[in-house]
Amino acid sequence: MGTVTYPDAAVVDFINKNFIPLQINVQSGSDLLGKYRAFWTPTILILDSQGAEYYRFNGFLPPDEFIPQLQLGLGMMSLERQDYKTASSKLKLVVDKYPRSNAAPEAQYWFGVSEYKAAHNVDALLSAWRKIKKDYPNSIWAKKVSFVKE
Amino acid sequence: MLKYGLLCFVISAVLITTAFAAGTQGESPTIVWEKIFDDATTKAKNAEMPILLDFFSPA
């Protein structure tokens, strides 16, 4: 990550605009490793300002996958906090701006959930999920919504 | 005499500014990582931003 992804200008810009970045060396003996159950590197987490975990993933990602993954994480954070308007906006941004990323079909799934939970709008949920079947037919997320009728 | 002094000042200012610009021309923005958890949470509270925590292994 340090040689490919973090030096990327778009990654730098995204992180600086959206996060307070914190790096912990796993060889430092920090008690944070146990607290956040970090057993492999890289382990990337999104926390709130009190240290509560909202999203995580492991392993290297190139810039064009790393940014949408972080954007997805921000959307999931808002969803879990029940800020559905923000969640929908952030999740939709993943699909609109990074449609070919691996994060996009997952983001579309959770966008549907956010739209439903905001207004109990079943049609919005099903419409969002049909888009997964249409645009990402080979994804695991298409399998998750395979029961949705056309 | 005054004009000579002013001319020297202007030339010096131009040279210093040019040297500074040349020195920083190749620099691009980087991520400034916090290394202490409490510092990160304090900044996150003040900025009302989430924290991106990266557990890494040095090369």
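**Close-ups of a two-chain sheet and a covered helix**

**View 1. Where the chains meet, strand beside strand.** In this predicted model, A:Ile20 has B:Ile51, in strand 1 of chain B, as its bridge partner. A:Pro21 also faces that strand, standing opposite B:Leu52. Altogether, six bridges tie strand 1 of chain A to strand 1 of chain B (residues 51-56), and the two run parallel.

**View 2. The whole sheet, built from both chains.** Zoom out from that pair and you get an open sheet of four strands, ordered 1(A)-1(B)-2(A)-3(A), with mixed pairing. The edges belong to chain A: strand 1 (20-25) and strand 3 (53-58) each pair on one side only. Ignoring direction, neighbouring strands are turned by 20 degrees against each other on average.

**View 3. A chain B helix packing on the sheet.** Helix 2 of chain B (residues 37-47) touches strand 1 and strand 2 (43-47) of chain A, plus strand 1 of chain B. Its direction makes about 170 degrees with that of strand 1 of chain A. So is that edge strand enclosed or open? Largely enclosed by the rest of the structure, because five of the six residues of strand 1 of chain A are buried.

**View 4. Helix 3 of chain A, end to end.** This helix (residues 63-80) has 18 residues, so at 1.5 Å a residue it should span 26 Å; the C-alpha atoms at its ends are 26 Å apart, which agrees. Helix 3 of chain A is mostly covered, with 16 of its 18 residues buried. After the helix comes A:Gln82, which has a positive phi, near 65 degrees.

Conventions
Residues numbered from 1 in each chain as written. Chains lettered and ligands numbered in written order. Predicted model: local features only at pLDDT ≥ 70, side-chain atom pairs only at ≥ 80, totals over all residues. Heavy atoms only, no water. Pairing = 2+ DSSP bridges. Axes fitted to C-alpha atoms, helices over the stretch in contact; angles between N-to-C directions. Contact = heavy atoms within 4.5 Å. Expected span 1.5 Å × (residues − 1). Buried < 20%, exposed > 50% of the residue type's maximum accessible area, 1.4 Å probe, protein only.
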